[in-house]
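I opened this entry to keep track of what I looked up in the model. The notes go from the whole chain down to single residues.

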Amino acid sequence: MTPDDGAAEARTGVLLGLAAYTMWGVFPVYFKLVQEVPALEVLAHRIVWAVPFGALIIMVRGQWGEVRRALSHRAMLGWLALAALCISANWLIYIWSVQSGRIFQASLGYYINPLIYVLVGVVFLGERLRRLQIAAVIAAAVGVLYLTVSGGAFPWAALGLAFLFTAYGVIRKRIVIGAMPGLFVETVLLFPFAMVGLGWLIGSQQAAFASGDSGISALLVLGGPLTVLPLLLFAEAARRLTLTTVGFLQFLAPTLQFCTGLYYGETLTSAHLVCFSLIWCAVALFSIDAVRAGRRRVIATP
């Protein structure tokens with residue numbers, strides 16, 4: 001590959017990454033549109049409609065081999081089942097947070113997610129923190145603690161989102177499978193439970209789907225493509241970009257979520273301002289450290 005080809009690939013990767021994180025960042029708008037639908041039903045539809053759309057993507061990309069390998073490998077299937085539990089719980093908390101007017105908490109959860117990854121590395125993998133990483137973790141911890149004490153409520157939704165998504169990421173790192181085939185298998189494993197739940201809601205005439213509002217029904221079906229598409233864009237972006245670039249891009253989503261919270265009129269208290277200011281400082285320190293580490297790796301490469 002020539003330098004020009006590499007630069008073109010990088011530009012394409014950045015555009016794909018921006019598209020993926022922008023979609024994740026404005027995701028609260030979708031959940032606000034289906035706010036009248038209970039969070040569990042929204043989650044069930046998200047799972048159910050992700051399966052056929054995911055199957056279409058798998059077919060186009062020719063990845064059925066990976067899917068069959070995962071379904072026939074007992075250990076891999078077990079890890080993917082555990083990953084499915086983590087990501088479905090993460091999705092449910094996120095939907096509930098948006099629908100109940102807690103978009104700021106959802107944003108906070110994804111801001112601190114990279115720092116939780118760092119802590120997992122220290123606690124479970126014996127990794128050592130660099131100075132800027134230590135400062136970033138301390139700043140984030142102080143921010144969350146201040147919000148808890150001054151805000152009068154423990155930000156369990158934010159921490160739940162962060163820890164569940166970290167657990168999901170750690171599990172997925174243990175198994176060798178592509179992003180799309182992995183997500184497809186996870187949704188296939190969740191599909192029967194989602195169908196049983198929807199069947200019960202429809203049978204008891206409590207379902208919002210097909211209840212006469214075609215707009216809501218169409219939006220619920222749209223949840224499948226909206227689940228799969230940003231992950232597809234991210235997978236293509238990650239293939240073309242350095243980890244440092246991906247690390248920068250990942251903060252776009254919670255920033256857009258924060259702006260979405262402002263748009264919907266969520267109350268930005270002084271406790272929120274102090275907390276987010278400390279989180280943004282932590283993000284800046286984390287990013288500076290990532291850039292420095294990336295430069296050192298480049299220099300060290302013969």
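**Overall fold**

I counted the elements before anything else: the protein chain has 13 helices and zero strands. Read from the N terminus, the order is α-α-α-α-α-α-α-α-α-α-α-α-α. I note here that the model is predicted.

I then looked up the dimensions. The C-alpha trace spans about 60 × 50 × 35 Å along its principal axes. The radius of gyration is 20 Å, and a compact globule of 302 residues would have one near 19 Å, so the chain agrees with that expectation.

For burial, I found that 46% of the 302 residues are buried. The exposed surface of the protein chain comes to about 15100 Å², with 69% of it supplied by carbon and sulfur atoms. I also checked contacts between residues at least 6 apart in sequence: 86% of them join residues at least 24 apart.

**Cores**

Next I asked which residues touch the most other members of the largest nonpolar core. In this core of 52 residues, they are Phe 31, Val 34, Val 37, Val 42, Leu 80, Tyr 94 and Met 180. Two or more residues each come from helix 2 (27-33), helix 3 (39-61), helix 4 (64-72), helix 5 (74-99), helix 6 (103-125), helix 8 (156-174), helix 9 (179-203) and helix 10. Helix 5 gives the largest share, 11 residues.

I picked Val 42 from that list for a closer look. Setting aside neighbours within four places in sequence, I found Val 42 in contact with Phe 31, Val 34, Val 37, Ile 95, Gln 99 and Leu 220. Another core lies apart from the largest one; this other core has 25 residues, including Leu 108, Tyr 111, Val 118 and Phe 276.

**Helix 3**

I compared the length of helix 3 with its expected span. Its end C-alpha atoms are 32 Å apart, and 23 residues at 1.5 Å a residue should span 33 Å, so the two agree. There is a kink of about 30° in helix 3 at Val 51, shortly before the proline Pro 52. After helix 3 comes Gly 62, with a positive phi near 65°.

**Helix 10 and the loop before it**

I looked at the loop between helix 9 and helix 10, where Gln 205 lies. Gln 205 is not a glycine, yet its phi is positive, about 60°. Is Gln 205 buried or exposed? Its relative accessible area is 75%, over the 50% cut-off, so I logged Gln 205 as exposed.

Helix 10 covers residues 214-238, 25 residues in total. From first C-alpha to last, helix 10 reaches 37 Å, close to the expected 36 Å. I found a kink here as well: about 25° at Leu 222, shortly before the proline Pro 225.

The last residue I looked up was Glu 236, which is in helix 10. Its relative accessibility is 17%, and buried means under 20%, so Glu 236 counts as buried. Which residues does Glu 236 contact, leaving aside neighbours within four places in sequence? I found Leu 16 and Arg 61. I also noted the pair Glu 236 and Val 14: they are 222 residues apart in sequence, with their C-alpha atoms 10.0 Å apart in space.

Methods. Residues are numbered from 1 along each chain as its sequence is written. This is a predicted model: local features need pLDDT of at least 70, side-chain atom pairs count only at pLDDT 80 or more; totals for chains, interfaces and linings use all residues. Side-chain values use heavy atoms; hydrogens and water are left out. Helices (H or I, at least four residues) and strands (E, at least two) are DSSP runs, numbered from the N terminus. The expected span of a helix is 1.5 Å times one less than its number of residues. The bend at a residue is the angle between axes fitted to the seven residues ending there and the seven starting there. Buried means under 20% relative accessible area, exposed over 50%, partly exposed in between (1.4 Å probe, protein chains only). Contact means heavy atoms within 4.5 Å. A nonpolar core is a set of buried Ala, Val, Leu, Ile, Met, Phe, Trp, Tyr and Cys residues joined through side-chain atoms within 4.5 Å. The radius of gyration is taken over C-alpha atoms; the globule rule is 2.2 Å times the number of residues to the power 0.38. Accessible areas come from the Shrake-Rupley method with a 1.4 Å probe; for residues, only the protein chains shown count as cover.
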